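Trainee: I am new to this structure and would like a close look at a single part of it. Could you take me slowly through the sheets and what surrounds them?

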Amino acid sequence: MAGQSIDKCDIAIVGGGLAGGLAALALARQRPDLDVRLVEPGPVGGNHVWSFFDSDIAKKDRWLVAPLVRYHWPRYDVTFPAHRRTMRMGYKSITGEALAEAVAAALPEGHVIADKAKHVAPDHLLLSRGGRLSAKRVIDARGAGKFPTLDCGWQKFVGQALTVTGGHGVDHPVVMDATVEQKDGYRFVYLLPFDAETLFVEDTYYSDDPDLEVSLIRERIAAYAAAQGWDIAATTREESGVLPVVIAGDFDRLWPASDRTARIGARAGMFHATTGYSLPDAVRTAAALPSLVDRSDFAEVLRDLARVSWRRQRFYRMLGAMLFRAAEPDARYRIFERFYRLSPRLIARFYAGRLTTADKLRILSGKPPVPIGRAIAALAKRDWR
């Protein structure tokens, strides 16, 4: 290591996305005695918009995300070919920029390291530009990466913030507009009105493969906007992503017990198996970190929490099996159309990952919106467990 800098800290967080950024904020607020460093090669938070339902976040943890909220609405819509509904449920969005600003204000100057870790270990990491950062605790929050050990479908999307001359006329979010032509699996358009003339439009697919043709999706967004009669003056932001919808997998292969480096976020398997979203889990984990970091078995505790979460997601993996194995790609929307006829409280618990036994029975009751034979075959396979 001759000629390379050596530095030390209490906590080194690798990855400045949602999980890593929230972890840094929680530790900075509740454990100011600790020297916390955040390693992220790009802008903290990236170019992302994260949204959540009020019921996703426990009241005791809302202090962590409340300062980051940039947009909020009291209700949202869903629209399907045979069903439309307004859900009177609080819905909020935070942005990557808001997360970056909060982290910059919370951590001392120089504690956000604009570099990439080329090697990560429980007590140190090596930086791509040279140098070693030693830490009492290293937390790996580098995101999902690839999941070669999991059987997945994929939720993939391209979103753009459009400036609409004269206004767009959308006054609250449309979480799913599935009246669009069904292509590449279950397709829907997602709308967030940032202000009277700025509308975030995201074209989303529940697809069998992770391939994302961004240029093609841009054309579909433009066609959707034209069909609404919107005169687009500018595109002010764009983001894209591919999220796993887990059907089956072995947690011990995802995070082997031999890996002693602490993990959080999607890298730990902490995300909703049906939607791919990780914000509720990221908040819960970040809020718990300040009371855990002094434990000698810190990494083992986090792994146990992730494993418990993985087990709780078993029902959601079964739903993924139904979605991708039992439903024809262009008919997958029927599953969501039926789901959105259920009670608002059940729907809220579904997204929050807190379904009761009665909820699960209610979701599965009645005639399934897929061929019965294929539904039985999908459920007969036990690998989703």
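Mentor: What follows is a walk through one sheet and the helix beside it, then the other sheet, and finally the cysteines and the confidence of the model.

Please keep in mind from the start that this is a predicted model. Let us begin with the open sheet of three strands, whose order is 3-7-4 and whose pairing is antiparallel. Its edges are formed by strand 3, residues 49–53, and strand 4, residues 69–73, each of which pairs on one side only. From one strand to the next, the twist of this sheet averages 20°. If you follow strand 3 to its partner strand 7, residues 91–95, you will find the two joined in the antiparallel sense over five bridges, and within that pairing Phe53 stands opposite Tyr91 of strand 7. Against this sheet packs helix 3, residues 96–106, which touches strand 3, strand 4 and strand 7, and the direction of helix 3 makes about 60° with that of strand 7.

The other sheet to look at is an open one of seven strands, in the order 6-5-13-14-15-12-16, and here the pairing is mixed. Strand 6, residues 83–87, and strand 16, residues 232–249, are the edge strands of this sheet, each pairing on one side only, while the twist averages 15° from one strand to the next. Strand 16 is worth following along its length: strand 12, residues 150–164, runs antiparallel to strand 16 and is joined to it by 15 bridges, and among the residues involved, Val164 has Ile232 of strand 16 as its bridge partner.

Turning to the cysteines, Cys152 counts as buried because its relative accessibility is 11%, and Cys9 is likewise buried, because its relative accessible area is 7%; the cut-off behind both statements is under 20% relative accessible area. A disulfide is a covalent bond between the sulfur atoms of two cysteines, and a search of the whole structure finds zero of them.

A last point concerns how far to trust what you see. The protein chain averages a pLDDT of 92, and 93% of the residues score at least 70. Over residues 1–5, however, pLDDT stays under 50, and for this stretch the model has seven contacts beyond four places in sequence. Where pLDDT is low, the predicted coordinates should not be read in detail.

Methods: Residues numbered from 1 in each chain as written. Predicted model: local features only at pLDDT ≥ 70, side-chain atom pairs only at ≥ 80, totals over all residues. Heavy atoms only, no water. Pairing = 2+ DSSP bridges. Helix = DSSP H or I, 4+ residues; strand = E, 2+ residues; numbered from the N terminus. Axes fitted to C-alpha atoms, helices over the stretch in contact; angles between N-to-C directions. Contact = heavy atoms within 4.5 Å. pLDDT = per-residue confidence, 0-100. Disulfide = S-S within 2.5 Å. Buried < 20%, exposed > 50% of the residue type's maximum accessible area, 1.4 Å probe, protein only.
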